Amino acid sequence: MNSLENFRLVVFRAVAEHLSFRKAAEELYLTQPAVSLQIKALEEDLATLLFDRSGPQARLTPAGEALLKYARRSSDLLLKAKQEIAELTGEYAGILSVGASTTIAQYVIPRLIAEFCHLNPRIRPALISGNTEKIVKAVELQKVQLGFIEGPPRSREVRCEPFLNDELVLIVPAAHEWSERESVQPNELTTVPLLLRERGSGTRRIIELALERQGVKANSLRIAMELDSTEAIKSAVEAGLGAGILSRWAISKDKRLGPAFNMVEISGVRFQREFLLIERKGPRAKGPASEFRKFVIARTSSTFRRSHRTAGKASGSHKRD
């Protein structure tokens, strides 16, 4: 939370963006009565109602709509002031708010944030995770300054640039009929139970597009279960519930590969993709977000890519061994 900003405006913006006192309370780590108290005090200061509470969902009144525009401008101005002061002193400080889709949040971004914050100890990171659609929406609404996603964004409100290579791979339980095979044909995927990410996931979209190019329609797949995380898919595969398709990053250091599950190639199909860094269109963010963006691009252009290729070769050798 920006310490320079009026606290009542912080609470107001949270309620206005969620149109929910409960969700605003969760976001701000407050109780719902505390949120209601702050809004009531702000309404008393302005001598007008900001929300219509008569329906099942809170709605902004015309006065609330007007205040929201200025509250957002106020927040942006205070953030720019802090950033400009940080540039003058050469010491970046404050909150770095980023969002990352699930696979990136689990296996890539924590290490990058840790290294960046080691170099910039006065920066406090704040990370949210979710599927690609959720992170794109968070960037659009300026809930985060930078987003890191696994698939192309379906939005004209953001710009993107690749920062890391990835490949999706097929894994099967060790006892599966395909476990000893080097490869399977794309149409064979319609004959076994599949464990995939939920709709709205960048991973899911990449899989469906790649298979459709091989003549395998999405509605012909036997989807046994949709799961909202890569770790859940690995656990379900290990339990023998089906075959899964997930990021090579997710298994590059998994000690279960071999004893619990194996990788199998899909002939003629490469689920290759680039992880994308996204920002809201307009002037580029300054301060911590700008520095972190430059750090990520420089960092992933060398060490991360080399370590991923090395890990991929090592993990691919389990079956041959």
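Four bridges join strand β6 to strand β10, residues 243-247, and the two strands run antiparallel. I start there since β6 will come up several times. Before going on, note that this is a predicted model.

At that first pairing, Val169 of the chain stands opposite Leu246 in β10. What else does β6 pair with? Strand β11, residues 261-266, also pairs with β6 in the antiparallel sense, over four bridges. There, Ile171 stands opposite Met263 in β11. Then there is β12, which pairs with β6 in the antiparallel sense over 10 bridges. One position to find on the screen is Val158, whose bridge partner in β12 is Arg280.

Is β6 enclosed or open to the outside? Of its 16 residues, 12 are buried, so β6 is largely enclosed by the rest of the structure. As a general point on strands, side chains in a regular strand alternate between the two faces of the sheet.

Let me step back to the whole chain for a moment. The secondary structure comes to 10 helices and 12 strands. The chain has 321 residues, and buried residues make up 50% of them. Along the principal axes, the C-alpha atoms fill a box of roughly 75 × 50 × 30 Å. Now take the contacts with a separation of 6 or more along the chain: residues 24 or more positions apart account for 76% of those.

Next, the core. The largest nonpolar core has 23 residues. Which of them touch the most other members? They are Ile104, Val108, Ile109, Phe148, Phe163, Phe292 and Val296. Several elements each supply at least two residues of this core: β3 (94-101), α5 (102-107), α6 (109-119), β5 (146-149), β6 (158-173), β12 (271-280) and α10 (288-316). The largest share, five residues, comes from α6.

Take Val296 as an example. Setting aside its neighbours within four places in sequence, Val296 is in contact with Leu112, Phe148, Phe163 and Leu277.

Now helix α6 itself. Its buried residues are Ile109, Leu112, Ile113, Phe116 and Cys117. Why do we say that they line one face of the helix? Seen down the axis of α6, the buried residues fall within an arc of 125 degrees, so one face is what they line. On the other side of α6, His118 and Leu119 are exposed.

On to the aromatic rings. A pair of rings is described by the distance of the centres and the angle of the planes. There are eight aromatic pairs in the structure. One of them is Phe21 with Phe51, an edge-to-face pair at 5.7 Å centre to centre and 65 degrees between the planes. This pair links distant parts of the chain, with Phe21 in helix α2 (residues 21-28) and Phe51 in strand β1 (residues 51-52), 30 residues apart. Buried means under 20% relative accessible area. Phe21 has 11%, so Phe21 is buried. Phe51 is at 1% relative accessibility and therefore counts as buried too.

Another pair is Phe148 with Phe163, also edge-to-face, at 5.3 Å centre to centre and 80 degrees between the planes. Here again distant parts of the chain are linked: Phe148 is in strand β5 and Phe163 in strand β6, 15 residues apart. Both Phe148 and Phe163 are buried.

Which residues do ring pairs link into a cluster? The cluster holds Phe116, Phe148, Phe163, Phe275, Phe292 and Phe295. There is also a charge over a ring: the charged end of Arg73 sits over the ring of Tyr70, 4.9 Å from its centre.

Last, a proline. Where is Pro153? Pro153 is in the loop between β5 and β6. Its relative accessible area is 18%, so Pro153 is buried. Leaving aside neighbours within four places in sequence, Pro153 is in contact with Val136, Val158, Cys160 and Leu276. Val158 is the residue I named earlier as the bridge partner of Arg280 in β12. If you follow the chain from Pro153 to Pro173, you move 20 residues along, and the two C-alpha atoms are separated by 32 Å.

That is what I have on this model.

Note on methods: Residues numbered from 1 in each chain as written. Predicted model: local features only at pLDDT ≥ 70, side-chain atom pairs only at ≥ 80, totals over all residues. Heavy atoms only, no water. Core = buried A, V, L, I, M, F, W, Y, C linked by side-chain atoms within 4.5 Å. Buried < 20%, exposed > 50% of the residue type's maximum accessible area, 1.4 Å probe, protein only. Contact = heavy atoms within 4.5 Å. Pairing = 2+ DSSP bridges. Phe/Tyr/Trp six-rings, centres within 6.5 Å; stacked < 30°, edge-to-face > 60°. Lys NZ or Arg CZ within 6 Å of the ring centre and 35° of its normal. Arc of directions from axis to C-beta.
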